[in-house]
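User: I'd like to learn how to read a structure like this one feature by feature. Could you give me the general idea each time, and then the case at hand?

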Amino acid sequence: MKYKSVFDIIGPVMIGPSSSHTAGAARIGRVARSLFGREPKWVNISLYGSFAKTYRGHGTDVALIGGLLDFDTDDPRIIQAIDLAEEKGIKLRFIEEDALTDHPNTARIIIGDDKGELELVGISIGGGKIEITELNGFELKLSGHHPAILVVHNDRFGAIANVANVLASHQINIGHMEVSRKEKGKMALMTIEVDHNIGQPILDEIEKLPNILKVTKIVD
């Protein structure tokens with residue numbers, strides 16, 4: 001494995017004690033918050049593998065909640081994240097799961113309010129790096145370390161090409177792209193990681209395309 005910087009080895013600047021169990025967990029929570037677009041009213045978190053066994057001692061619980069409160073990995077408020085969430089009236093529930101998963105540091109986050117809910121599965125792969133592997137039942141591979149857009153669309157001919165053409169017209173380079181669908185011809189999800197943050201006018205342009213249902217941005 002090749003490393004781009006020393007931070008790939010020792011992890012990011014963070015509130016400790018573990019880049020995998022703390023920084024990675026905070027980033028998983030923050031991606032969920034970004035996708036939900038607002039502060040949730042309730043949170044259910046299922047923890048698997050090493051996360052389930054050591055989450056209290058390693059601060060995984062406070063890190064996940066800190067991310068959901070939109071705290072970055074080095075935000076000192078992470079230490080008090082659970083208390084701060086409860087003061088806001090957010091209902092928290094942690095579930096220690098026995099089921100085996102593909103990765104030992106796995107969390108399933110379900111958050112919601114009276115307007116809707118979101119379900120996300122994330123794994124912490126070491127050094128503060130993460131992958132989001134599932135979103136509302138769609139399989140995907142999202143690193144959370146690059147600007148990205150998620151495009152919910154009808155599974156129709158030309159939908160993917162139309163989105164790519166809009167990005168190309170604005171000289172936005174696609175670094176990674178995946179498409180997931182639950183059933184042929186039904187709803188599908190594009191996951192597109194790009195080199196630069198995308199402005200709202202471009203997102204609005206994409207959302208007006210045929211068969212596009214919703215566009216969500218994740219800022220690096």
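Analyst: Happy to. One term before we start: helices here are DSSP runs of H or I with at least four residues, numbered from the N terminus. Also keep in mind that this is a predicted model.

User: Fine. Which residue follows H4, and what is the sign of its phi?

Analyst: The general idea is that most residues other than glycine have a negative phi. Here, Asp-70 comes after H4 and has a positive phi, near 75°.

User: Where do Gln-171 and Asn-211 fit in?

Analyst: They are two further cases of positive phi. Gln-171 has a phi near 55° and belongs to the loop that runs between helix H6 (159-169) and strand E8 (174-181). Asn-211 has a phi near 70°, and its loop joins helix H7 (200-207) to strand E10 (212-218). Gln-171 is exposed, at 74% relative accessible area, while Asn-211 is partly exposed, at 29%.

User: Let's zoom out. How many helices and strands does the chain have?

Analyst: Seven helices and ten strands. Of the 220 residues, 46% are buried. As for contacts with a separation of 6 or more, 66% of them are between residues 24 or more positions apart. The exposed area is about 11,400 Å², with carbon and sulfur atoms supplying 49% of it.

User: Back to H4 for a moment. How many of its residues are buried?

Analyst: The cut-off you need is under 20% relative accessible area. In helix H4 (residues 60-68), nine of the nine residues are buried, so the helix is largely enclosed by the rest of the structure. Among them are Asp-61, Ile-65 and Gly-66.

User: Then how do I read the nonpolar core?

Analyst: In general, nonpolar side chains in soluble globular proteins tend to be buried together. In this chain the largest such core has 40 residues, and Ile-65 and Leu-120 touch the most other members. H2 supplies the largest share of this core, with seven residues.

User: Which residues does Ile-65 contact, leaving aside its neighbours within four places in sequence?

Analyst: They are Val-43, Ile-45, Ala-81, Ile-82, Ala-85, Leu-92 and Phe-94. Apart from this core lies another one of 17 residues, including Ile-192, Ile-198, Ile-206 and Val-215.

User: Now charges. What should I look for, and how many salt bridges are there?

Analyst: The idea is simple: side chains of opposite charge can pair when their charged atoms come close. The count here is nine salt bridges. Take Arg-38 and Asp-113, whose side chains meet at 2.6 Å, N to O. Arg-38 sits in the loop between helix H2 (19-36) and strand E1 (42-48), and Asp-113 in strand E3 (residues 105-113), so this pair ties together parts that are 75 residues apart in sequence.

User: Are the two partners buried or partly exposed?

Analyst: One of each. Arg-38 is partly exposed, with a relative accessible area of 28%, whereas Asp-113 counts as buried at 13%.

User: Which other pairs would you look at?

Analyst: Try Glu-134 and Arg-108, which form a salt bridge at 3.2 Å, N to O. This pair also links distant parts of the chain: Glu-134 is in strand E5 (residues 129-135) and Arg-108 in strand E3, 26 residues apart. Glu-134 is partly exposed, at 21% relative accessible area, and Arg-108 is partly exposed at 21% too. Then there is the bridge between Arg-77 and Asp-75, at 2.7 Å, N to O. Arg-77 is partly exposed, at 43%, but Asp-75 is buried, at 13%.

User: Which residues are linked in a network of salt bridges?

Analyst: Arg-30, Asp-70 and Asp-72 make up such a network. You've met Asp-70 already, as the residue with positive phi after H4.

User: Last one: rings. How many aromatic pairs does the structure hold?

Analyst: Zero. Rings do come up with charges, though. The charged end of Arg-38 sits over the ring of Phe-36, 4.1 Å from its centre. Likewise, Lys-182 has its charged end over the ring of Phe-138, 4.7 Å from the centre.

Methods. Residues are numbered from 1 along each chain as its sequence is written. This is a predicted model: local features need pLDDT of at least 70, side-chain atom pairs count only at pLDDT 80 or more; totals for chains, interfaces and linings use all residues. Side-chain values use heavy atoms; hydrogens and water are left out. Helices (H or I, at least four residues) and strands (E, at least two) are DSSP runs, numbered from the N terminus. Buried means under 20% relative accessible area, exposed over 50%, partly exposed in between (1.4 Å probe, protein chains only). Contact means heavy atoms within 4.5 Å. Accessible areas come from the Shrake-Rupley method with a 1.4 Å probe; for residues, only the protein chains shown count as cover. A salt bridge is a side-chain nitrogen of Lys or Arg within 4 Å of a carboxyl oxygen of Asp or Glu. A nonpolar core is a set of buried Ala, Val, Leu, Ile, Met, Phe, Trp, Tyr and Cys residues joined through side-chain atoms within 4.5 Å. Rings of Phe, Tyr and Trp (its six-membered ring) pair if their centres lie within 6.5 Å; planes under 30 degrees apart count as stacked, over 60 as edge-to-face and the rest as tilted. A charge sits over a ring if NZ of Lys or CZ of Arg is within 6 Å of the ring centre and within 35 degrees of the ring normal.
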